[in-house]
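The following exercises treat strands, helices, single residues and pockets in turn. Each task is followed by a worked solution.

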Amino acid sequence: MPNKLAISSMSLGRCYAGHSLDQKLDAAQRWGYKGIELFHEDLADIADSLYPPSSSYSAPSEASQIAAARHIYRMCSTRGLEIVCLQPFLHYDGLLDRLEHRRHLQKLHLWIELAHELGTDMIQVPANFLPSDYVSTDVNLIVADLQEIADIGLLADPPIRFAYESLCWSTRIDTWELCWEVVRRVDRPNFGMCLDTFNIAGRIYADPTSPTGRTHNSEMAVRKSIASLIQKVDVSKVFYVQVVDAARLKEPLLPGHPYYNPEQPARMSWSRNCRLFYGEKEHGAYLPVKDIATAFFHGLGFSGWVSLELFNSRMSDEGTEVPEELAMRGALSWARLVKDLKLVTDTPPV
């Protein structure tokens with residue numbers, strides 16, 4: 001399978017900033033994207049537009065979400081876009097509150113129906129990043145929870161796959177090594193992982209609280225991590241990859257910094273505001289993305305969906321030019337990545 005370009009729907013502008021899914025899909029089509037990761041936020045926004053809630057505090061009903069999924073499938077199909085996955089199925093694994101765990105399982109059945117209506121067979125599950133008081137330290141429980149959703153997904157018709165992703169600020173599973181160990185122990189054919197250049201580098205190379213922007217022995221840590229990744233990971237369990245970079249901050253992300261949020265880990269605040277597309281050195285990109293991506297494509301031999309999951313403060317700007325600008329920047333970064341890594345793609349980059 002050749003490599004195909006995708007992007008997260010919210011990476012082209014947040015719906016709460018006035019960026020409609022129609023605008024974002026049009027921009028994606030114009031700039032040569034083949035697929036999208038559908039952020040549930042955009043599905044909920046469509047559901048609200050089709051069936052306005054009774055109050056501003058009401059969540060979209062299940063029926064309105066299903067109708068929205070059908071509508072989004074048609075929107076994407078007419079533009080020749082595939083839906084890679086529905087994401088993110090948040091804060092599920094390892095919950096200490098087992099009543100909340102059961103509520104998540106109830107929600108999962110709706111998400112599976114949404115995935116079917118969207119024409120995708122994959123739901124992305126980020127490793128839990130609730131505060132530590134809410135998340136068990138017992139990896140056996142985390143594995144058992146994920147086996148539970150995998151088994152539910154296997155019984156679906158058609159079956160649903162789950163892509164588990166370690167975030168660099170996740171509470172317990174915050175490295176690819178821990179993520180891979182969980183995937184290996186879950187041991188289900190429909191349960192794999194998403195590898196993300198940002199979240200790998202963001203944990204072992206970058207430290208937004210440091211004046212240098214780097215961890216101690218950052219370059220050595222990356223070299224060791226890449227060598228281990230190539231040796232240990234079964235590429236058949238890598239369901240898709242994400243390739244983005246991030247900006248080095250001019251000042252450490254500590255109290256007083258514009259991005260500081262006392263309720264978030266520093267890496268989360270940095271991630272939400274400062275991710276960049278691959279190679280955007282003019283915007284301050286500094287992570288070893290090329291080395292990590294080379295490990296994905298040439299070390300592991302991955303080929304398939306390559307998504308540009310950007311989070312950046314620009315996405316929340318209200319200008320009508322935002323979706324077009326971000327789609328263009330992403331497409332240019334893809335062309336640069338394809339050239340730099342000599343990737344095989346389904347179509348020539350823009």
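**Exercise 1.** How many of the five residues of β4 are buried, and why is β4 described as enclosed or not enclosed by the rest of the structure?

*Solution.* The structure is a predicted model, in which local features need pLDDT of at least 70 and side-chain atom pairs count only at pLDDT 80 or more, while totals for chains, interfaces and linings use all residues. Residues are numbered from 1 along each chain as its sequence is written, and side-chain values use heavy atoms, with hydrogens and water left out.

Step 1. Fix the terms: helices (H or I, at least four residues) and strands (E, at least two) are DSSP runs, numbered from the N terminus. Buried means under 20% relative accessible area, exposed over 50%, and partly exposed in between (1.4 Å probe, protein chains only).

Step 2. Five of the five residues of β4 are buried, so β4 is largely enclosed by the rest of the structure.

Step 3. Resolve the burial by face. In a regular strand the side chains alternate between the two faces of the sheet. Met122, Gln124 and Pro126 are buried on one side of β4, and Ile123 and Val125 are buried on the other.

**Exercise 2.** Determine which strands pair with β5, and in which sense.

*Solution.* Step 1. Apply the criterion that two strands pair if DSSP finds at least two bridges between them.

Step 2. β4 and β5 (residues 161–165) pair in the parallel sense over five bridges. Proline 126 stands opposite glutamate 165, and isoleucine 123 has phenylalanine 162 as its bridge partner in β5.

Step 3. β5 also runs parallel to β6 (residues 191–196), to which three bridges join it. Here alanine 163 is opposite glycine 192.

Step 4. Consider the connections. A crossover is right-handed if, with the strands pointing away from the viewer, the path from the first strand over the helix to the second runs clockwise. Helix α5 (residues 139–155) forms a right-handed β-α-β unit with β4 and β5, and helix α6 (residues 176–186) forms a right-handed unit with β5 and β6.

Step 5. Complete the account of β5 with its burial: four of its five residues are buried, so β5 is largely enclosed by the rest of the structure.

**Exercise 3.** Are serine 271, isoleucine 160 and glutamate 282 buried or exposed?

*Solution.* Step 1. Serine 271, in helix α9 (residues 266–274), is buried, with a relative accessible area of 0%. With contact meaning heavy atoms within 4.5 Å, serine 271 touches Trp169, Phe198 and Phe311, not counting residues up to four places away in sequence.

Step 2. Isoleucine 160 lies in the loop between α5 and β5 and is buried, with a relative accessible area of 0%. Beyond four places in sequence, its contacts include Ile112, His116, Ile123 and Asn190.

Step 3. Glutamate 282 is in the loop between β9 (275–276) and α10 (289–300) and is exposed, with a relative accessible area of 57%. Its C-alpha atom is separated by 42 Å from that of serine 58, 224 residues apart along the chain.

**Exercise 4.** Which residues of α2 are buried, and against which elements do the buried residues of α2 pack?

*Solution.* Step 1. The buried residues of α2 include His40, Asp42, Leu43, Ala44, Ile46 and Ala47.

Step 2. The buried residues of α2 pack against α1 (21–30), β2 (35–39), α3, β3 and α4.

**Exercise 5.** Describe the largest pocket by volume and lining.

*Solution.* Step 1. On a 1 Å grid over the protein atoms alone, a pocket is an open set of points where a 1.4 Å probe fits, with protein on both sides within 12 Å along at least five of seven lines; lining residues have an atom within 4 Å of a point. Grid points are joined across faces, edges and corners, and a volume is the space filled by probe spheres set on the points.

Step 2. The largest pocket has a volume of about 300 Å³. Its lining comprises 19 residues, with Phe39, Gln87, Pro88, Leu90 and Arg272 nearest its centre.

Step 3. α2 (40–50), α4 (98–118) and β4 (122–126) each supply at least two residues of this lining.
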